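Here is a short report for a reader new to this structure. Take a look at the sequence and the model before reading on.

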Amino acid sequence: MQIFSEISIIILPVFFVIGLGYLLRRSGLIDDRFLYQANRLIYFIGLPSLLFHKIATADFSATFNGRMVTGATVVMLSGLIISYSYAAIGRKYRYEDRGAFSQGAFRGNLAYIGLPIVFSAYGDAAFARAGMFMGCLVPVINLLSILALLLPQRTGKRQTTWSFWYRSLLSNPLILAALLGIVWSYWQLPLPTVFARSFNLTASITLPLALLAIGGSFSLRKLRGDLVQATIASLFKVIGLPLLTIVVMLLLDVRGLDLGIAVLMAGAPAAAACTVLAQQLDSNTELAGSIILLSTLFSLISYPIILYLLKVYQLGFG
């Protein structure tokens, strides 16, 4: 009974804040304009500040785990291969569906949900490790997402220009903040106290505001298109990918806290960026939106299962 109580304490606060965002939106206390501005604030200021501060002030040698990053990269690439192959076999999915299906099956909402879950499970001590881990993965995930969406368009009709790659990778504030933080941490550069405290104050609003924004944007009316496809991709994302992560990490001898962080991040539901990128690359945005919604709903059940496995088998907890 104690283990279920511990899991509830980890999971429920995160989803209660998401639920609060939903209620605030339904009651009219926040509206679409607020959510738009909040998401911009989180994406351009809050999350970059959070990532940079946590990574830059961490001990690089103590928080960076190369095998953990390698294992997660293998898992993401495997997720792309498995999901795209499934969608392409027998041509049962339309070309415009395949990329959205595949991207939604492996691209998780690491920043908005993964980090809060890790923080709730392990506390601030694990945050720097999770930030370093995420910082290394963000460029990989973006590249694989673009690849998944371009694979159905191999005919050459679409030309991805330099400006597209610049917007997708080189101008991404999360990638830039994470890379700068890694450089700062690796070279052990000093961070003046006034800047450290300013970053810390800015970062402190980020996770609660991100969860409120997720809840405020939640609407069952977004469930459109082929819900069977969306359900399959969502279940693979929140259950299949974490289980695959456990196997790969154990094979690479990644255990304890690092294993727990990797699995919880892998279990994050599909990222909101899935619809943005799907729209840019002429994929099925309705399917992408349905996967985001369903995987978020399913994660309310999948996260307790993941935490139960980690605790019972003492994989990510002592």
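The report covers nonpolar cores, salt bridges and a cavity, in that order.

## The model and its main core

This is a predicted model. Its largest nonpolar core has 74 residues. Five of them have the most contacts inside this core: Y122, F133, I261, L264 and Y303. Helix α7 covers residues 127-150. This helix gives the most to the core, with 11 residues.

What does I261 touch, leaving aside its neighbours within four places in sequence? I261 is in contact with M68, V118, Y122, A126, R129, A130 and F133. Two of these partners, Y122 and F133, are themselves among the residues with the most contacts inside the core.

## A separate core

Another core lies apart from the largest one. This core has 15 residues. Among them are A87, Y93, F101 and A270.

## Salt bridges

How many salt bridges are there? The count comes to 8. One of them joins D32 and R25, with the closest N and O atoms 2.9 Å apart. D32 counts as exposed because its relative accessibility is 52%, and exposed means over 50%.

E96 forms a salt bridge with R94. Here the closest N and O atoms are 3.3 Å apart. Both partners fall between the cut-offs of 20% and 50%. E96 has a relative accessible area of 33%, so it is partly exposed. R94, at 48%, is also partly exposed.

The side chains of D253 and R255 meet in another salt bridge, at 2.9 Å from N to O. D253 is partly exposed, with a relative accessible area of 43%. R255 is partly exposed too, at 47%. This pair belongs to a network: salt bridges that share partners join R67, D253 and R255.

## The cavity

Where is empty space left? Rolling a probe the size of a water molecule over the atoms shows this. The structure holds 1 cavity of 30 Å³ or more. The largest cavity has a volume of about 90 Å³. It is lined by 15 residues. The closest to its centre are M76, L137, A262, M265 and A266.

Which helices each supply at least two residues of the lining? They are α4 (66-88), α7, α12 (227-251) and α13 (256-266). Helix α7 thus appears twice in this report: it lines the cavity, and it gives the most to the largest core. By class, the cavity lining has 12 nonpolar, 2 polar and 1 charged residues.

Conventions. Residues are numbered from 1 along each chain as its sequence is written. This is a predicted model: local features need pLDDT of at least 70, side-chain atom pairs count only at pLDDT 80 or more; totals for chains, interfaces and linings use all residues. Side-chain values use heavy atoms; hydrogens and water are left out. A nonpolar core is a set of buried Ala, Val, Leu, Ile, Met, Phe, Trp, Tyr and Cys residues joined through side-chain atoms within 4.5 Å. Buried means under 20% relative accessible area, exposed over 50%, partly exposed in between (1.4 Å probe, protein chains only). Helices (H or I, at least four residues) and strands (E, at least two) are DSSP runs, numbered from the N terminus. Contact means heavy atoms within 4.5 Å. A salt bridge is a side-chain nitrogen of Lys or Arg within 4 Å of a carboxyl oxygen of Asp or Glu. On a 1 Å grid over the protein atoms alone, a cavity is a set of points where a 1.4 Å probe fits but cannot get out, and a pocket is an open set with protein on both sides within 12 Å along at least five of seven lines; lining residues have an atom within 4 Å of a point. Grid points are joined across faces, edges and corners, and a volume is the space filled by probe spheres set on the points. Ala, Val, Leu, Ile, Met, Phe, Trp, Tyr, Cys and Pro count as nonpolar, Asp, Glu, Lys and Arg as charged, and the others, Gly among them, as polar.
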